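Visitor: I would like to go through this model step by step. Please show it, and then I will ask about its parts.

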Amino acid sequence: MAEIKAPVFPESVADGTIVEWHVNEGDQVNRDDVLAEIETDKVVLEVVAPDDGVMTKIVKQVDDTVLSDEVIGEFEAGATGNTESGDADTTVDPKSVAAPVEEKQQSGGGKPEQAAAPEAEHKDQSPAVRKAAKESGVDPTAVQGSGRDGRVTKADMSSPTLKVDSSVKSDSGRPVAESVGERTEKRVPMTRLRKRVAERLLSATQETAMLTTFNEVNMKPLMDMRSKYKDQFEKRHGTRLGFMSLFVKAATEALKRFPAVNASIDGDDIVYHGYYDIGVAVSSERGLVVPVLRDTDQMSMADVESGIRDFAGKARDGKLSLEEMTGGTFTITNGGVFGSLMSTPILNPPQTAILGMHAINERPMAVNGEVVILPMMYLALSYDHRMIDGKDAVQFLVTIKELVEDPTLLLLDL
């Protein structure tokens, strides 16, 4: 008999919550099948079968809090057991039998038993859809998907036109959804990630002297370069040429010139980092996550583009690891992809600065005494005034502006 344990959490993660068991007691599983998922305040971790065998006992149930390396179940290698529900895509916790859901579930809450649909219908569903299905009581197979190839998305699950079972109740006994005539309210438990994001954002606004400086950048040179070389770039490197890679490289060069922006505050000490790890904010169905590109001064633009593309895919599938989201000396967030014209990004402690990119809009600009229509982007740099003086912050942002408007400066190291 072998013990199934929770993963070893890093120091920054105190505990986790079991959000789903994929097997029942007595189920036969294959080596590396996913047995359970544990949600921390950063990522969802998978617990896999160490060998072929049978899950003999489930020690920790859905919604139970577990510590690092804590025993959550027992497993017997080589034994045989039930084969009907031992597939990794079947949800099984006796305390919370999930509604038919797709792929991996990230929900922290259970729900009353509900008939499961055929397993094949749920293999493409995302963790967020599985979570929404548990919380709302809505069978995703009955929802018209708006995603690629008709896949159901989180937005589809939260549509007000969906008919939510008002009898579904949370662990506290309160209704998850309450029908008031034709108006529906839905009450769901906040995920660990959302709680952690809320705590960090509140802490950043209360415990730092945050200030934001703005500038604008002419994107025409960068857009012309991209238009001219994007096909060759993709053919040679196997990845598309975007704008983010140049901003990452420009930010790296600016960080070299202004070390205070790449530093952090630790108590009464200032920690100057001799490396450049830039976090790139990525929107996922679970919330905003910030995976980190390591040693960006040693990365090519193709490496940056490939890294960001991989992060986006992992964020979408809930596959980002703790290591990929730990650390970082500076962060870049791009609200422009959602149409944001201007914003004041909030610091990502213990970092002391964050760069915000925004939408590219054509605007009339004065150039050499003439009015010219140019594609312009507003840039915002939020910084901790305890660490960074206004002069350095402004010059840092101007440096990024100059490098983006004339990319040859990066090539010539000027």
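Visitor: How many residues of H5 are buried?

Guide: The model is predicted, and burial in it is taken as under 20% relative accessible area. Met244, Ser245, Leu246, Phe247, Val248 and Lys249 of H5 fall in that class. So do Ala250, Ala251, Thr252, Glu253, Ala254 and Leu255. H5 is therefore mostly covered, and of its 14 residues the number buried is twelve.

Visitor: What is the distance between the end C-alpha atoms of helix H5?

Guide: Helix H5 covers residues 244-257, which is 14 residues. At 1.5 Å a residue the expected span is 20 Å. The model agrees with this, because the end C-alpha atoms are apart by 20 Å.

Visitor: Is Glu324 buried or exposed?

Guide: Glu324 is in the loop between H6 and E18. The limit for burial is under 20% relative accessible area. Glu324 has 17% relative accessibility, so the residue counts as buried.

Visitor: Which side chain makes a polar contact with the side chain of Glu324?

Guide: Beyond four places in sequence, Glu324 touches Val290, Pro291, Val292, Arg294, Phe311, Lys314 and Lys319. A polar contact requires N or O atoms within 3.5 Å. At 2.5 Å, the side chain that makes such a contact with Glu324 is that of Lys314.

Visitor: Asp295 and Asn368 both have a positive phi. Which accessibility class does Asp295 belong to?

Guide: Asp295 is not a glycine, and its phi is near 50°. The residue lies in the loop between strand E17 (292-293) and helix H6 (301-317). Its relative accessibility is 32%, so Asp295 counts as partly exposed.

Visitor: What is the relative accessible area of Asn368?

Guide: Asn368, also not a glycine, has a phi of about 55°. Its place is in the loop between strand E20 (360-367) and strand E21 (370-384). The exposed class begins over 50%. Asn368 is in that class, with a relative accessible area of 79%.

Visitor: Which residue does a cis peptide bond join to Pro349?

Guide: Omega of this bond is about 5°. The partner is found in the loop between strand E18 (330-334) and strand E19 (353-357). The residue joined to Pro349 is Pro350.

Visitor: Which residue in E8 is the bridge partner of Ile58?

Guide: An open, antiparallel sheet of four strands has the order E1-E8-E6-E3. Its edge strands, each pairing on one side only, are E1 (2-5) and E3 (28-29). Strand E6 (residues 53-58) and strand E8 (residues 71-77) are joined by five bridges. Across this pair, the bridge partner of Ile58 is Gly73.

Visitor: In the sheet with the order E5-E4-E2-E7, by how much are neighbouring strands turned against each other, and what is that on average?

Guide: This is an open sheet of four strands with antiparallel pairing. Strand E5 (44-48) and strand E7 (65-67) are its edges, and each pairs on one side only. With direction ignored, the average turn between neighbouring strands is 40°.

Visitor: Which residue in E5 stands opposite Ile38?

Guide: Strand E4 (residues 34-39) pairs with E5 in the antiparallel sense. The pairing runs over five bridges. In E5, the residue opposite Ile38 is Leu45.

Visitor: What share of the 414 residues in the protein is buried?

Guide: The secondary structure of the protein comes to eight helices and 21 strands. Its accessible surface is about 20500 Å², with 49% belonging to carbon and sulfur atoms. The buried share of the residues is 47%.

Technical notes
Residues numbered from 1 in each chain as written. Predicted model: local features only at pLDDT ≥ 70, side-chain atom pairs only at ≥ 80, totals over all residues. Heavy atoms only, no water. Helix = DSSP H or I, 4+ residues; strand = E, 2+ residues; numbered from the N terminus. Buried < 20%, exposed > 50% of the residue type's maximum accessible area, 1.4 Å probe, protein only. Areas by Shrake-Rupley, 256 points an atom, 1.4 Å probe, with all protein chains shown as cover. Pairing = 2+ DSSP bridges. Expected span 1.5 Å × (residues − 1). Polar contact = N/O pair within 3.5 Å; in protein donor to acceptor, adjacent residues only side chain to side chain. Contact = heavy atoms within 4.5 Å. Axes fitted to C-alpha atoms, helices over the stretch in contact; angles between N-to-C directions.
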